[in-house]
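Please open the model in your viewer and set it to a cartoon display. The tour below proposes one selection after another and describes what each of them shows.

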Amino acid sequence: MMKTRNRICMLLLLIAVSVMAMGKGRRVLFIGDSITDGAWGNSKVWNTPSEKRNQKDMNHIYGHGYMMIAASTIQALHPEDGWVFWNRGISGNTLADLAVRWDKDALALHPDVVSILIGTNDVDKALEKGIDIKVKDWGKQYRELLDQLKQQNPEIKLVLCTPFVAHSGKLAQSTNYAEREAMITALTHEVKKIAHDYGATVVPFNTLVGNTIASHPSVPATYWIWDGIHPTPAMHYLMAEKWLECTNL
C-alpha cells in the first residue's frame, strides 16, 4: 500500500511541476482504436462514429481507459487552467480508417496536442488476408496524417504511442501469434522512426506491457492484457501513468 501511495504522489508531483512550468492548459486529442475508445460517449455499439455518440454526457465523455485516467488527472488537479480533452478512439479502426475521418475528428478540433495509438487492427486485417503488413506504405500514410496536422499548426505537439500485443487470453491459443507479434514489432519500429523524423514524443506501450508482465511472473498475463490485445483496468492505469510521464504535460 505504501509503495502505491508513493508512486501516486510522485506522479502527481510530476504533473504539478510540469503544468506549472508550461502555464495554461492546451487542447489535447486522443485518437485511435478500441484501446483508446473505451466506449466513450456512452457508445454501446462497436465502431460507432463520433457524431453518433453522446458528447453531452460528461459521465461517459472519456470512456473507461487510459485516456480517461490521463485526462481526468490533469483536469482534476488544475481546474482553472482551461485544459480541453477529446477522445476520438473508435473500435475496430485501422490507420486507413483514421485517414477517412481525419478532417472531422482531428483537424476540425484544432488541437494543440495529438496522441495516436493505432496498428493492432491493421495487423488483424493482414492476418485475415494471409498477407504480411506493408510497413512502408503504412508509415507513408501515417506521415501524411501528421503532415496535415503540422500544416495546420506548425507548433503542434505529437505523441505517438506504440502498438502492442501479449501472449495471453485467446491470442495465447492462436496458431499465428508469432506472425502477429512480428508485425506489431515492425509497426512499433516504424512508429519510432516517424517520431524521430517529426520530433514527436514516443510512448512505448509495447515495452510497458512486456516489462510489466515479465516483472510479475506469479501473475497471469491476462491480469494485464485480458485477450492478448485489450488492457485490463490495471494496465490502463499503468498506460496513463506512462503517457503522463512521457509527455510531461
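The tour begins with the sheet, continues with the helices packed on it, and ends with the salt bridges. Please keep in mind that this is a predicted model.

**The sheet**

Select the strands first. Five of them form an open sheet in the order S2-S1-S3-S4-S5, and the pairing is parallel. Which strands stand at the edges? They are S2 (84–89) and S5 (201–203); each has a single partner strand, so one side of each is left without a neighbour in the sheet. On average, neighbouring strands of this sheet are turned by 15° against each other, direction ignored.

Next, select residues 113–117 and 157–161, which are strands S3 and S4. These two strands run parallel and are joined by five bridges. To find one of the partnerships, display Ser-115, whose bridge partner in S4 is Val-159. In general, strands of a sheet pair through backbone hydrogen bonds.

**Helices on the sheet**

Now add helix H3 (66–77). Helix H3 lies across S1 (27–32), S2 and S3, and runs at about 175° to S2. Then select residues 233–247, helix H10, which packs on the sheet and touches S1, S3, S4 and S5. The direction of H10 makes about 160° with that of S5.

**Salt bridges**

Finally, show the side chains. How many salt bridges does the model contain? The count comes to seven, and the following stops present some of them.

Select Arg-53 and Asp-37, whose closest N and O atoms are 2.8 Å apart in a salt bridge. Arg-53 is in the loop between helix H2 (34–37) and helix H3, while Asp-37 is in helix H2; the two are 16 residues apart. Are these residues buried or exposed? Arg-53 is buried, because its relative accessible area is 7% and buried means under 20%. Asp-37, at 3%, also counts as buried.

Move on to Lys-104 and Glu-51, which meet in a salt bridge of 2.8 Å, N to O. Lys-104 lies in helix H5 (residues 102–105) and Glu-51 in the loop between H2 and H3, so this pair ties together parts that are 53 residues apart in sequence. Lys-104 is partly exposed, with a relative accessible area of 40%.

For the next stop, select Arg-143 and Asp-197, whose side chains meet in a salt bridge (2.8 Å, N to O). Arg-143 belongs to helix H7 (residues 135–152) and Asp-197 to helix H8 (residues 177–198), 54 residues apart. Arg-143 is partly exposed at 22% relative accessible area, and Asp-197 is partly exposed at 48%.

Definitions and conventions: Residues are numbered from 1 along each chain as its sequence is written. This is a predicted model: local features need pLDDT of at least 70, side-chain atom pairs count only at pLDDT 80 or more; totals for chains, interfaces and linings use all residues. Side-chain values use heavy atoms; hydrogens and water are left out. A salt bridge is a side-chain nitrogen of Lys or Arg within 4 Å of a carboxyl oxygen of Asp or Glu. Helices (H or I, at least four residues) and strands (E, at least two) are DSSP runs, numbered from the N terminus. Buried means under 20% relative accessible area, exposed over 50%, partly exposed in between (1.4 Å probe, protein chains only). Two strands pair if DSSP finds at least two bridges between them. Axes are lines fitted to C-alpha atoms, for helices over the stretch in contact, and angles run from 0 to 180 degrees between N-to-C directions. Contact means heavy atoms within 4.5 Å.
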